[in-house]
Amino acid sequence: MTAVTPLATRPIYDSTDSLLRFALRLDATLSGVVGLSIALLADSLSSLTGLSSVAEFSGGALLVLAGLAVYALAAAPDLRRVGIALIVGNAMLTVATLGVLASGVLPLTQVGVAATVATAGYFALMGYLQYLGVRRLPA
């Protein structure tokens with residue numbers, strides 16, 4: 001007979017990476033849900049935002065894939081590098097989104113401009129939550 005030893009678990013209040021894991025999973029879940037919604041409603045959204053339905057669908061599909069990737073990365077045993085990489089990525093996406101908006105290269109309507117600003121805010125908020133999670137990790 002083979003003995004099965006249980007995995008060592010710590011109480012939840014003893015965890016130092018719980019905020020970062022939560023922030024990563026929140027980012028992944030919201031990205032996936034919003035991306036799926038955008039992909040499903042691409043035709044309707046295209047008339048509201050000024051983008052083509054192909055651009056809307058592609059952006060939604062990209063968000064779904066990014067959400068799946070972040071969710072997989074949230075399960076990594078060592079989260080410091082993952083967290084830092086995603087903080088940098090979210091900061092770059094925030095700057096890029098605002099740069100595209102400021103340059104005026106996209107034919108956006110007022111709703112499209114508001115959605116783009118909201119997207120930049122989302123990237124910044126997720127990056128900030130992930131930053132707080134990385135700061136809680138032991139050195």
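Which residues in helix α2 (residues 42-49) are buried? This tour of a predicted model begins with that helix and then turns to its surroundings.

**Stop 1: helix α2.** Select residues 42-49 and display the side chains. The buried residues in this helix are A42, S46 and T49. Viewed down the axis of α2, these buried residues fall within an arc of 85°, so they line one face of the helix. Turn to the other side of α2, where D43 and S47 are exposed. Next, bring up what covers the buried residues of α2: the cover includes α1, α3 (53-73) and α5 (110-136). Before leaving, select G50, just after α2, which takes a positive phi of about 95°.

**Stop 2: helices α1 and α3.** Select α1 (residues 18-40) together with α3 (53-73). Their axes cross at roughly 155° and come within 7 Å. Because angles over 145 degrees count as roughly antiparallel, α1 is described as roughly antiparallel to α3. The crossing in which α1 passes α3 is left-handed. To see the contact, highlight L24, R25, A28, S31, G32, V34, G35, L36, I38 and A39 on the α1 side; they meet E56, F57, G60, A61, L63, V64, G67, V70 and Y71 in α3. Colouring this contact by residue class gives 12 nonpolar, 5 polar and 2 charged residues.

**Stop 3: A55.** Remain on α3 and select A55, which has its place in this helix. Is A55 buried, partly exposed or exposed? With a relative accessible area of 36%, A55 is partly exposed, because the partly exposed class lies between under 20% for buried and over 50% for exposed. Now add G121 to the selection and draw a distance between the two C-alpha atoms: A55 and G121 are separated by 20 Å, and they lie 66 residues apart along the chain.

**Stop 4: helices α1 and α4.** Return to α1 and add α4 (residues 79-103). At what angle do α1 and α4 pack? The angle is about 45°, and the axes are 11 Å apart. The two helices are therefore oblique to each other. As α1 passes α4, the crossing is left-handed. For the contact, select L20, R21, L24 and D27 in α1, which meet L79, V82, G83, L86 and N90 in α4. By class, this contact comprises 5 nonpolar, 2 polar and 2 charged residues.

**Last view.** Finally, centre on L24 of α1: this residue is listed in the contact with α3 and also in the contact with α4.

Methods:
Residues are numbered from 1 along each chain as its sequence is written. This is a predicted model: local features need pLDDT of at least 70, side-chain atom pairs count only at pLDDT 80 or more; totals for chains, interfaces and linings use all residues. Side-chain values use heavy atoms; hydrogens and water are left out. Axes are lines fitted to C-alpha atoms, for helices over the stretch in contact, and angles run from 0 to 180 degrees between N-to-C directions. Helices (H or I, at least four residues) and strands (E, at least two) are DSSP runs, numbered from the N terminus. Angles under 35 degrees count as roughly parallel, over 145 as roughly antiparallel, 65 to 115 as roughly perpendicular and the rest as oblique. A crossing is left-handed if the near helix is turned anticlockwise from the far one by less than a right angle, and right-handed if clockwise. Contact means heavy atoms within 4.5 Å. Ala, Val, Leu, Ile, Met, Phe, Trp, Tyr, Cys and Pro count as nonpolar, Asp, Glu, Lys and Arg as charged, and the others, Gly among them, as polar. Buried means under 20% relative accessible area, exposed over 50%, partly exposed in between (1.4 Å probe, protein chains only). The arc is that of the directions from the helix axis to the C-beta atoms.
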